[in-house]
Amino acid sequence: EGLAGNVVETLRDAWVRISQAGAVDTGVPEEGLTQAQLPPSLQHLTRGLTKQNLMLSDGRYLELQTQAVVAGGIYGWTLKRYKANGEVDKSFATDGVAGSRCNAADPRLLMDRARNLWVVGLNKARTAGAVPGLCLEKLSEDGQPSAGTPELVNTDLGMETSIQSVRFLDDGELMVVVSAYPETTAFMKALKYKADGSLNTGYGVKGIADLGGLDAAQAMSMTLKIQDGAGSIEGVRAGTRNSANNVNQPNLWARWKADASPDLGFGQGGILSLGDLPDFSRRTMALVDQKKRWILQTHTSQGAGQDVAGAVTLTRYMGESR
């Protein structure tokens with residue numbers, strides 16, 4: 001419940017059960033179900049639900065539905081395949097539905113060249129028996145555990161991380177970029193997995209490479225993306241200016257080569273700083289267009305610690321590093 005202007009807004013979850021006759025079936029007239037009335041397997045879904053779709057041939061599609069309750073440490077996902085007419089394809093997995101075996105958070109769904117399905121998620125240390133890092137689950141096209149990789153693939157990273165980007169490369173290997181910023185340190189790593197789910201030990205150190213070239217202050221809150229099939233990586237960090245706290249951080253763009261080393265041909269030692277922009281209170285990267293031109297948005301807003309009120313600019317930079 002919150003106050004928006006002079007209007008009090010109240011948000012509530014509502015669950016409604018529909019009978020086979022198409023009427024609301026609650027047991028109590030004109031009332032929905034409370035969370036306590038839900039089956040135990042569904043009660044944890046009331047706090048979070050996101051979806052990811054993957055289109056297939058003949059109009060079919062996959063839907064990855066994820067849920068997470070941070071307080072209770074409950075995570076997981078379900079994967080369904082739908083026919084072109086919107087019906088659940090019962091021939092997929094078990095009665096049309098595949099479920100997570102490692103209860104990982106923030107999962108990402110991908111399909112490789114052999115049409116195997118990969119779900120990459122995060123293991124949380126608060127989950128019983130989990131190692132803090134990545135959990136990979138590989139499925140066949142029909143939703144069954146992969147014959148080549150039937151078991152879960154757990155990668156212990158030593159701490160809880162965030163998945164920044166996931167992509168299959170031109171060589172067929174899976175690349176995952178993760179980050180974490182505990183206190184005053186920086187944690188940015190790229191991982192490469194072979195088709196059988198094992199780490200490519202020829203990449204980085206036993207399959208895990210550090211993204212170097214930035215100190216902790218530069219790396220903090222940086223968003224990373226795998227840019228191409230070779231595995232080059234780019235990162236952007238929006239700068240801020242707040243005179244009350246004496247903060248003046250410029251926008252930063254960084255680039256790493258496919259081996260995770262800084263791309264020294266980009267900017268200054270792999271880093272491009274736009275510290276020469278006018279001192280706007282907030283600087284945000286908007287997008288990179290198809291011609292590799294950076295579109296930068298800066299704005300200010302009136303309020304405590306802000307310098308001026310009500311200004312927005314858009315600046316376009318030609319080329320990759322100018």
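A salt bridge is counted here when a side-chain nitrogen of Lys or Arg lies within 4 Å of a carboxyl oxygen of Asp or Glu. Aspartate 106 and arginine 108 form one, with 3.2 Å between the closest N and O atoms. The model is a predicted one, in which local features need pLDDT of at least 70 and side-chain atom pairs count only at pLDDT 80 or more, while totals for chains, interfaces and linings use all residues. Residues are numbered from 1 along each chain as its sequence is written, and side-chain values use heavy atoms, with hydrogens and water left out.

A view of the whole chain is a good place to get oriented. The secondary structure comes to 2 helices and 23 strands; these are DSSP runs numbered from the N terminus, helices being H or I over at least four residues and strands being E over at least two. Of the 322 residues, 40% count as buried, where buried means under 20% relative accessible area, exposed means over 50%, and partly exposed covers what is in between (1.4 Å probe, protein chains only). The chain exposes about 17300 Å², and carbon and sulfur atoms supply 49% of this area; accessible areas come from the Shrake-Rupley method with a 1.4 Å probe, and for residues only the protein chains shown count as cover. Among contacts with a separation of 6 or more, 40% come from residues 24 or more positions apart, a contact being heavy atoms within 4.5 Å.

One sheet can be followed strand by strand. It is open, has 4 strands in the order 11-12-13-14, and its pairing is antiparallel; two strands pair if DSSP finds at least two bridges between them. Strand 11 (162-168) and strand 14 (208-210) each have a single partner strand and stand at the edges, so one side of each is left without a neighbour in the sheet. On average, neighbouring strands of this sheet are turned by 20° against each other, direction ignored; the axes are lines fitted to C-alpha atoms, for helices over the stretch in contact, and angles run from 0 to 180 degrees between N-to-C directions. Strand 12 (residues 174-180) pairs with strand 13 (residues 187-193) in the antiparallel sense over 7 bridges. Leucine 174 has tyrosine 193, in strand 13, as its bridge partner.

Tyrosine 193 also appears among the contacts of threonine 155, a residue of strand 10 (residues 153-156). With its neighbours within four places in sequence left aside, threonine 155 touches Pro132, Gly133, Leu134, Leu191, Tyr193, Leu199 and Ile208. Threonine 155 is buried, at a relative accessible area of 6%.

Charged pairs come next. Side chains of opposite charge can pair when their charged atoms come close. The whole structure holds 8 salt bridges. In the pair that opened this passage, aspartate 106 is partly exposed at 36% relative accessible area, and arginine 108 is partly exposed at 24%. Arginine 255 and glutamate 234 form another salt bridge, their closest N and O atoms being 1.9 Å apart. This pair links distant parts of the chain, with arginine 255 in strand 19 (residues 252-256) and glutamate 234 in strand 16 (residues 233-237), 21 residues apart. Arginine 255 is buried at 11% relative accessible area, and glutamate 234 is buried at 8%. Salt bridges that share partners also join Arg81, Asp89 and Asp142 into one network. Within this network, aspartate 89 and arginine 81 meet at 3.0 Å, N to O, and both residues are buried.

The structure also holds 2 aromatic pairs. Rings of Phe, Tyr and Trp (its six-membered ring) pair if their centres lie within 6.5 Å; planes under 30 degrees apart count as stacked, over 60 as edge-to-face and the rest as tilted. Tyrosine 61 and tyrosine 82 are stacked, at 5.0 Å centre to centre and 15° between the planes. Tyrosine 61 lies in strand 4 (residues 61-69) and tyrosine 82 in strand 5 (residues 74-82), so the pair ties together parts 21 residues apart in sequence. Tryptophan 118 and phenylalanine 168 are edge-to-face, at 5.8 Å centre to centre and 75° between the planes. Tryptophan 118 belongs to strand 8 (residues 117-123) and phenylalanine 168 to strand 11, so this pair ties together parts 50 residues apart in sequence. Both tryptophan 118 and phenylalanine 168 are buried.
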